[in-house]
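Okay, everyone, thanks for squeezing me in. I'd like to walk you through a couple of chain interfaces, so let me put the structure up.

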Amino acid sequence: MTDLYVWVVLAPLIGSVIAGVFGKSIGRAGAHWACILGVGVSTLISGAAFGHIVLEGGAAFESTLYHWGRVGDLTLEIGFLVDPLSATMMFVVSFVSLMVHIYTIGYMRDDPGYQRFFSYIALFTFAMLMLCMSNNFLQLFFGWEAVGVVSYLLIGFWFQRESAIRANLKAFLVNRIGDLGFLLGVAAVLFYFGTLRYSEVFELAPSLQGATLSIFPGADWSVASLICILLFMGAMGKSAQFPLHVWLPDSMEGPTPISALIHAATMVTAGIFMVARMSPLFEQSETALSVVLVVGAITALFMGLLGLVQNDIKRVVAYSTLSQLGYMAVALGASAYAAAIFHLVTHAFFKALLFLAAGSVIIALHHNQDMRSMGGLRKYMPVTWITSLLGSLALIGFPGFAGFFSKDAIIEAVHLSEVPGHDFAYWCVVIGVFVTALYSFRLYFLVFHGKERMDEHAREHLHESPWVVTVPLVLLAIPSVLIGWIGIEPMLFGDHFGDSLFVLSEHDVLARLGDSYRGEAAFIGHAFATPPLYLALAGVACAWYFYMVRPDLPALCARRLAPVHSVLVHKYGFDLLYEEVLARIGRGLGSLFWRIGDRILIDGMLVNGSARVVGWFSSLIRQLQTGFLYTYAFAMIIGLVALMSLFVFLRMQGHS
Amino acid sequence: MAELVVFYCFAAILVFAAFRVITVRNPVHAALFLVLAFFSSACVWILLEAEFLAIVLVLVYVGAVMVLFLFVVMMLDINLAPLREGFTRYLGLGAAVAVLIVAQLLLVLGSDRFGLERVGAPVRRAADYSNTEELGVLLYTVYAYPFEIAAVVLLVAIIAAISLTMRRRPGIKAQNPAEQVAVRRSDRVRLVKMRSESRR
Amino acid sequence: MPFVTPEFLPALPEILLAVMACLVLLVDLYFGRRHPSWVFLLAQASLVLCALLCIALYPEEPTTTFNGTFRSDGMSAVLKVFMILVTYFVLFYSKFYLDVRDLFKGEYFVLSLFAVLGMMILVSAASLLTLYLGLELMALCLYALVALNRESSMASEAAMKYFVLGALASGTLLYGMSLLYGVTGSLELDRIREYQSVGGEIDIILVLGLVFIVVGVAFKLGAAPFHMWVPDVYEGAPTSVTLFVGTAPKIAAFGMLMRLLVDGLAGVQGDWIEMLTILSVLSMAVGNIIAIAQTNLKRMLAYSTIAHVGFLLLGIIAGTRAGYAASMFYVIVYALMGLGAFGMIIVLGSKGFESDRLDDFRGLNERSPWLAFLVLVLMLSMAGVPPFVGFWAKWSVLREVVAADQVWLATVAVVLAVIGLFYYLRVVRLVYFEEGQEAAPLVCGTDVKVMISTNALAILALGVYPSALLALCVTALG
């Protein structure tokens, strides 16, 4: 088995290396075939693994492949853990990735960096699969950083654009903050458990109950909370949770396939996956769960609101991604890990679909992304239209579609949860349903219905995209509709995940939900008795009224509610805060030290004084600025005196 | 007792001379005071029966190093005004730090730490005892390795000094005698055959 | 004292190198004009021979010879081999650098060999006397090397600063040594250690001597606040000399620190741990923060060196065998990374063009993707990003600091390392995402290209498989 699983990660890596190193000599077709073949192999094996472990209920597989190094008692190794949770992720990641690879052939057709792009996305697939299949924290961290680096490279793919460079730097820096937390979390795990292997850590996890640690003297922190919150900081960076969400909308500067693959379907879910994977740790700390819940709830509602005022088609989808990631985090916080992963799976399909559909629209309009110059595309692009409609319905949770099952399960789970903050979270996710419906259908109506606002030139060239673009759309639309029906029972209430997720019985909201579960149809029926469904319909209705019946109303609202509108347009001022305040403080500090150290101490004190501070040496080498030397020497003497006073003089005072 | 008087005399001269080295304005005087300081410390060493070291100090430092020093100082003709200015300008700060260091050192290095009861007086030797021979024996046996390294250090100093000073300055017009001697006729004179033009 | 003829065998590498250096000098004298490359080849050959000899004579047990002035043990052998290896690379880059600029001089190689000899003496010193002589031998060669290009006023200025401050530092060190000798009555490090263990209560003079010694060593390492010479000398010296000053002597300085503090002054360990903690925190802060504001790459790398020294001290601060091994690993890794980074400046430079400004790295990816990739590897490794070996170096020292219950120190170090990330990534950004003024593809010799590739790929390879080197450090320290 090991041999087979190794190829899941190796095949995309080999494809990437071939496309990256020999790109010039094998040409465009060679590059895309190498990568698609590699990812195809992964998808096949992942599918087989999924079938074997999840569907047939085979035993989870764990094996160590390679010892990287040994530090003291600690062994650093590369190994694979394929259990139902990672098998699910592997399958989703490789499948979506394969679709994106095929789609890219069409989308990037005219780009000069074609081979480079394929090399990057195959490399990304490799890194993401390493992350998912890891059986230890070190490899997890490796995958974590590797997807971060590839994402950095891909956001800045069009590096001639100033905005793309700014966006990728921003993504990298914001992620570093999260990664710092994550690294500290991993360090804390190592410090406390003395091992990095999941199985050993999870076995010891119950011992965390009540354990405290004092990092700074006098303050005792619960070890479990500390570890979990630090790890979650990493998740906040990768999964773009408030307040580290700022990079995701800007990351839309990258090519659309990247937005679909990395920033919707896979990489951003790494944080969610990680928290689910660490469920035995998170279960030990109610505080941490509460933090996850509240952060997720804030993200779910407030990021959705921002989607209402965006005009760039990809940014709307990006904000919807943020909001949906918030939903997943809420589910994690409510200990409904299975619901989070379920939503992750459904979301991966329908959000990749929506992004690829948006990309299809963008190709048709010659890379114009402004929704204000779209409209009425229904006639010209039937396949894109139908698939987007299906995707939007899935996103808003229309009964029967994939998103419905997963999102309703989350809302119900939060309703039953008793973690501190659950009331707030519940209201956030419920109102979020309305907001989601509003912005999704705003996009839908603005793009596919209504007046045709594009210019004449663009209208003449409008036509449906080639098959390499539409086939992935159709292939993704199928699961977007069906996966909910198929998935809900085994994933939420059945034995899909086996013991790869761990929930304490007092937290187990899904079990309680399962008690009243009577099949898919009844679940839909139940929805008619709860507010979310009506809120979603109200959202659609509002969108229809605002953008189809009275298109003048939105502008009027924006004028009337100018303060609110401006807050939303400025994204609550986070960009301003980070760029103008925090980044400036950092830069200021650097130049301040430089000014004090180099300018004032050396240049200031000495350039003026150099004419006077001339010693014996300066008469020999007059033309040199000997003044400098004087300060250097003096600084050394001062250092010497300081050390002497600290260690000798004070010690003597202490003795006598 | 007489020895003690002699010691204190030379010690006082030594301290005075060393102090003058850094306070006196004329660099030539400073160098001469340094010579005086070397002399008096050589005398102190003789009191300690380290004759060889004392004589080497006088020979090498006074005879060679300081003479070289004096040459350099006199050849370079140092402007004294800025020197004085800088000295007073930073005198306060420098003095404060110096006092701090000296005070701390005195606190630690009192005579109770290095007094006779701790270290013990050196053994008196007979008059025919050869200090030089003993030193030589030690240097070529026990300290052979450091001695060899010291030789290498000196070699490096010579190499460095020569390679830093012996250089061809760009733009200097100097003759190369070897080339001049080795010159051949063909380098200097070119014989050109021309057909004489016929007159019309 | 009865005299026994000392055993010469353990010191054979040093003896060989001294002889070879003199031979190189003679060859330069007689054949230097006509066959300048002979000097270079002979110098490289003597380094290789010397390294092989060091490996062949690897001591199973620590041996002391020459009446307690010379010690050969695992640490000295490993450090020597790596110093020679680093110098081998340095001379290679130097030849390229000097050839291009018509600065080729036989003395350059002679002085380099003598500097290596000094370092070797330094790391296997068993007495204060040999330690000091080795240090001076090394330092004297370095001063001269910095000043070797007399046409450059920058270089002369740098050399003068280096020399004067170096003299001050070695004076300090010497004073500290004389205090130790005065109080213990011996120059041998073993005797000095024994004195402390017999003495019972710690003698305050020892601590005083320790202060002076720490100051002297801190200067050599370039630890704040004794770091001020570093940026000026790094910037002013010819790049090939900067490369030398920034790499092999750091390994030697680590050896010196180990000899003095661990071999000699183990009795006042508590005190030197506190002193080094102050120096370490200051160095990491000064290095990482001031580096951000630099526009000259050599200056930036100088500040980065200061920061790395701060990290390097962490392992020694841990005060355990494992901690020393981590520091040793760090210093070796640092030397390799510094070699690559300064080597890159040399590779990218040409006649009349130093390529040492950050702007010169703009758009390198367009001109040479392979070299751009190597820059990426070097910078990320220096920043401590996995899977490059720089990460392992940082990781191992941090781990030892945490194991020594100094969690706060580790936290401070991590925070400062993250700040440091900024300026390394800025180089990567310049290389990959900025337009350069120069568009022509880069041409440089295959030989240096192979050298720099080996160098950078070694960093990558060590990152994937660091355990061998780490284990070597652990065994070397016994």
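I'll take the two interfaces of chain C one after the other. Keep in mind that what you see is a predicted model.

Let's begin with chains A and C. Here 53 residues of chain A are in contact with 57 of chain C. Between them the two chains bury about 5,200 Å², and 81% of that sits on carbon and sulfur atoms. So what does the chain A side look like? Two or more residues each come from strand 1 (61–71), strand 2 (74–82), helix 5 (137–155), helix 6 (162–193), helix 26 (574–609) and helix 28 (627–655) of chain A. Helix 28 of chain A gives the largest share, with 17 residues. By type, that side of chain A splits into 38 nonpolar, 10 polar and five charged residues. As for salt bridges across A and C, the rule finds zero.

Now over to chains B and C. On this one, 26 residues of chain B are in contact with 38 of chain C. The buried area is about 2,800 Å², 78% of it on carbon and sulfur. Which three residues of chain B supply the most of its share? That's Val142(B), Tyr145(B) and Leu164(B), at 22% of the area chain B buries against chain C. Salt bridges between B and C again come to zero, but there are two residue pairs in polar contact, counting pairs with both residues at pLDDT 80 or more. Helix 5 (91–108), helix 6 (111–114) and helix 9 (144–165) of chain B each give two or more residues to that side, and helix 9 of chain B has the largest share, 14 residues. The chain B side divides into 19 nonpolar, three polar and four charged residues.

Methods
Residues numbered from 1 in each chain as written. Chains lettered and ligands numbered in written order. Predicted model: local features only at pLDDT ≥ 70, side-chain atom pairs only at ≥ 80, totals over all residues. Heavy atoms only, no water. Contact = heavy atoms within 4.5 Å. Buried area = accessible area lost by both parts, 1.4 Å probe. Salt bridge = Lys/Arg side-chain N within 4 Å of Asp/Glu carboxyl O. Helix = DSSP H or I, 4+ residues; strand = E, 2+ residues; numbered from the N terminus. Nonpolar A, V, L, I, M, F, W, Y, C, P; charged D, E, K, R; others polar. Polar contact = N/O pair within 3.5 Å; in protein donor to acceptor, adjacent residues only side chain to side chain.
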